[in-house]
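Open the structure in your viewer and keep the selection tool at hand. The stops below are meant to be taken in order, with one selection made at each.

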Amino acid sequence: MISFVWTHLRRRASRSVALLLGVLTATTGFTVLTGATGTARLAVTGAVDRSARAAYEILVRPKGTHTPLEDQRSLVRPNSLSGIYGGLTMDDLAKVRAVPGIDVAAPIAMAGYANASLASDVDLTDLIDMSLDRQVIRLDRTFFADRRLSRAPGRPIYVYVTKHGVGWPKINGYGSPGAAFSDGTVGKREDFCGGSIAVLEEGQPVCNWLLDGVVSNLTTDQQWTDLRTVRLTWDGRFETGDVEGGVTVNDRLMMRLSWHVPLLVAGVDPEAEDRLAGLRGAVTGGRFLTAEDRPTSPQPQNLSVPVLATDLAYADNSAQVAVSRIPVGTRPVGGSAGEAIAWLDALPQHPVLTTRDLHAEEAYRTMLARHMQYAGGPGLEQFVQVGGVQYQQLPDGTLAAVTTEANPEAFRTPTIYGDVVPWQISDTAFRTTEQIGWTSDEIFHRTQVVGTFDPRKLTGFDPLSRVPMETYETPLATGADQRAMDLLGNQPLRPDGNPAGYLSSPPILLTSLDALTTVLAKTSAPNRTAPISAIRVRVAGVEVFTPTSRERVRVVAEQIAATTGLDVDITYGSSPTPQTVTLAAGQFGRPELRISEPWVRKGVAATIISAVDRKSALLFVLVLVVCALFLANAVTAGVRDRRTELAALAALGWRARSLFGAVLGEVAAIGLLSGLGSLALAWPLGALLDVHMTWGQTLLAVPVALGLALLTGSLPALGAARAHPARGLRPAVANPRAAGRPRGAITLGLLNLARVPGRTALGAAAIAIGVTAATLLGAITFAFHGAIVGTLLGDAVSLQVRSVDTIAAVATVLLGAFAVGDVLYLNIRDRSAELATLRATGWSGGALSRLVMAEGFGIGLLGGLLGAGLGVGGAAWLVGSVSTGLVLTAVLAVLTGALLATLAALVPAALLHRMPTARLLAEE
């Protein structure tokens, strides 16, 4: 038997080589594809492991702070902590820290917004006309926010410059109740606008502190105005006075312009924050905040609260000033502030001399430097807390932020003449606002900046797995459509100066949790007994995303929930995902915007690992099935090619088992040789395609090739052994009842499909293999990418494995194409005498080509429809759904299958044209 098998393989070398190449292709494809699947999994798990480490793994919030939207979509909103003012007690913190397995539990307590003044100096020296006796410099301010989409003009500020004698008064508490003039005379206090700061020019008062009717306890930057007096000395210098009665003479005339922004104050455990994010190492000036820092009382009933301030100005809030000069012939009329301002407002407009931009970043640094130098900080006269944002789900799956009524009264200062408040307090509100009252009568409380820190120097974590770190990161939102991107200038939308706005700045001023508790005790704040807004928990022993680490996090989270009854989110393995939100138009010109902001989707890493494991298993089975079907087709085609020979052997007395052994022996020999060849080809091919191949996977090629050959060759060999000798000596042509009269090559080609149903079924099966495999592979790939994309981590992983998926798709389609070509070649070879007869009767080469193309197209269309149906059905069973993209893929696969079969038929037909007609007829 071995001698017979060897002789047959050698004598039919062309067919043996063809079958050998088929098995070799299938085996090598299987080996490389399984290696590609393993490579994809390594790439995915490696990417997840590299990105899984975040600042913390568990977020603990007060009971009931979960929104239905968060639970429904498994999300954690950005800015969620900005709307949570307390709810967790110090006892809750102690219970969390008592849970075993916790590395660090860092609390954060949102306190409320303080009002801070940003200031920028404008040099007016070169704009002064030294020849004028009196002149007014007018400064027209415009305030901007939201990438300059929101703007508001402010009332002008005036600088009255005169060469005449000016008196600078002193107020009670700062010196004597009089004023010294530049000529040496002294005036009385009652001559100065009711005792307020004023100047005297030619014996008449010009009030310099705007009180009655000009300033109230709810004056915004937009409403604020001022009149400042400057004496131009004989030598070209500038004389000014201050509230303490001091007189300063300078070579330059500097005008300080200010506007106000709210700064969020929060309490933290400094040591826990240092362990969580490396806060101590980010300090850039002053000193680090310690747990021992306590509020002090420089004066009775007044507090000075120590804070650590960030170096960065988060708010997108700036101003612009246009400067003009107005010559005047006489001093301002009237003595009151209101009369003076009215006189100045009535002066004729003059051309703008220059325009200066005032940037928030520079103004913020100026403010910090001033506070660090004079050991002060933003005041706490008004203390405002805001609520969270509510959302409406739109039909397209996006969200709309729900607006609420603005509450400017929340910013009214308790004193008659308090600080000026931000100009945006009446803008469109997305959060409720509430002023927190002080229980004492004296409320001149202030912060004391003891140090500064740079958030960019904190411990860095992979942005693909970023979790809410609202203590240090400003929320950014980008345009979600082209219109929004154009309006924003392709820049992100940042928080502005409205605490009730959609985006909320992170805490600017950090104090210790103990200090904040002391401050809140002096207020009517609802959270004074439960100040903590959230606790961020890092679990010990968690480094990479492994089942062990996931179990550690799960156990700790469950114990926290069971012990405290609080809302617990597992953020381990989370990743930002873009969420589209529609913002209503603002009151200062900002139009409606559709923005995209990164919400945090929980469990992304686990979803990715699960999806890649499922995809690996499905691809492994798919490749194995494709290779098995390919070999079954090839062996079946070979048996059909030897149908006459096997029938002759049966007629000569060969037993069925001998025929079975002969066919299976040939297949086994070819399978063994193919396995050895694949062993040599798989490693370099894997290196060429950047597919990691292990020795175990490579050596597996030999038993796989032999096993597949024996498995797929058994059924055709069994069919050959059971075939009746007489049946094998007759042509395998059916006799249809109504064959019709063919009128051309194409019609005859299509009728031939019914004449030889076995051959047609074999070719269609070959096409169906490729189409089914391509459709299933598309379904698996779509399902995999659909399960992981939509988050930063998932998108990154998808890009990493896309090349491997492409290799798998191309290799699977090539296996199908090779099967098609192999079967069609045998079909045409089996009909060589028939084609030679047609040529001998006058058929041209073109007619024969059309005949073959018609048969190939018909076989391809039948096989494509069968394969698409099986593929879509299998996809529905495997991945649980059939998407529109998958249906389109199936339609494309049908068309591709028909085209592929048509083209594949031309190659063997062209080879037959080269064979002599007489020889083919003689063989027949």
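A residue is called buried when its relative accessible area is under 20%, exposed when that area is over 50%, and partly exposed in between, using a 1.4 Å probe and protein chains only. With that in mind, select Ala340, which at 1% relative accessibility counts as buried. Ala340 sits in helix α6, residues 337–345; helices here are DSSP runs of H or I with at least four residues, strands are runs of E with at least two, and both are numbered from the N terminus. Now add Leu227 to the selection: 113 residues separate Leu227 from Ala340 along the chain, while their C-alpha atoms are 8.3 Å apart.

Before going on, note that this is a predicted model, in which local features need pLDDT of at least 70 and side-chain atom pairs count only at pLDDT 80 or more, while totals for chains, interfaces and linings use all residues. Residues are numbered from 1 along each chain as its sequence is written, and side-chain values use heavy atoms, with hydrogens and water left out.

**The whole chain**

Show the whole chain, which contains 23 helices and 30 strands. Of its 924 residues, 53% are buried. Contact means heavy atoms within 4.5 Å, and among the contacts with a separation of 6 or more, 81% are between residues 24 or more positions apart.

**Strand β3**

Select residues 102–123, which form strand β3. How many of the 22 residues of β3 are buried? The count is 18, so to speak of β3 as mostly covered is fair. To follow its partners, remember that two strands pair if DSSP finds at least two bridges between them. With strand β15, residues 254–268, β3 pairs in the antiparallel sense over 15 bridges, and there you can pick out Met110 with its bridge partner Ala266. β3 also runs antiparallel to β27, to which six bridges join it, and in that pairing Val104 stands opposite Arg538. Strand β20, residues 379–386, is antiparallel to β3 as well and is joined to it by two bridges, one place to look being Asn115 and its partner Gly379.

**The largest nonpolar core**

A nonpolar core is a set of buried Ala, Val, Leu, Ile, Met, Phe, Trp, Tyr and Cys residues joined through side-chain atoms within 4.5 Å. The largest one here has 76 residues, and the members that touch the most others are Ile58, Leu124, Leu139, Trp259, Ile535, Val537 and Ile560. Strand β3, where you have just been, gives the most to this core, with eight residues. Apart from it lies another core of 32 residues, among them Leu59, Tyr85, Leu264 and Val421. Return to Ile58 and display its surroundings: leaving out residues up to four places away in sequence, Ile58 touches a group that includes Ile535, Val537, Val553, Ile560 and Val568.

**Helix α4**

Select residues 90–97, helix α4, whose buried residues are Asp92, Leu93 and Val96. If you look down the axis of α4, these buried residues fall within an arc of 100° (the arc of the directions from the helix axis to the C-beta atoms), so they line one face of the helix. Their cover includes β3, α9 (513–521), β27 (534–539) and α10 (547–564).

**A cluster of rings**

Rings of Phe, Tyr and Trp (for Trp, its six-membered ring) pair if their centres lie within 6.5 Å, and planes under 30 degrees apart count as stacked, over 60 as edge-to-face and the rest as tilted. Across the whole structure, four aromatic pairs are found. Phe143 and Trp423 make a stacked pair, 6.1 Å centre to centre with 25° between the planes. Phe143 belongs to strand β4 (residues 134–145) and Trp423 to the loop between β22 (399–401) and β23 (433–435), so this pair ties together parts that are 280 residues apart in sequence. Next, add Phe588, which forms an edge-to-face pair with Trp423 at 5.1 Å centre to centre and 80° between the planes. Ring pairs thus link Phe143, Trp423 and Phe588 into a cluster.

**A last stop in a loop**

Finally, select Thr290, in the loop between β16 (283–286) and β17 (304–310). Is Thr290 buried or partly exposed? Its relative accessible area is 25%, so Thr290 is partly exposed. Leaving aside neighbours within four places in sequence, Thr290 is in contact with Pro270 and Ser512.
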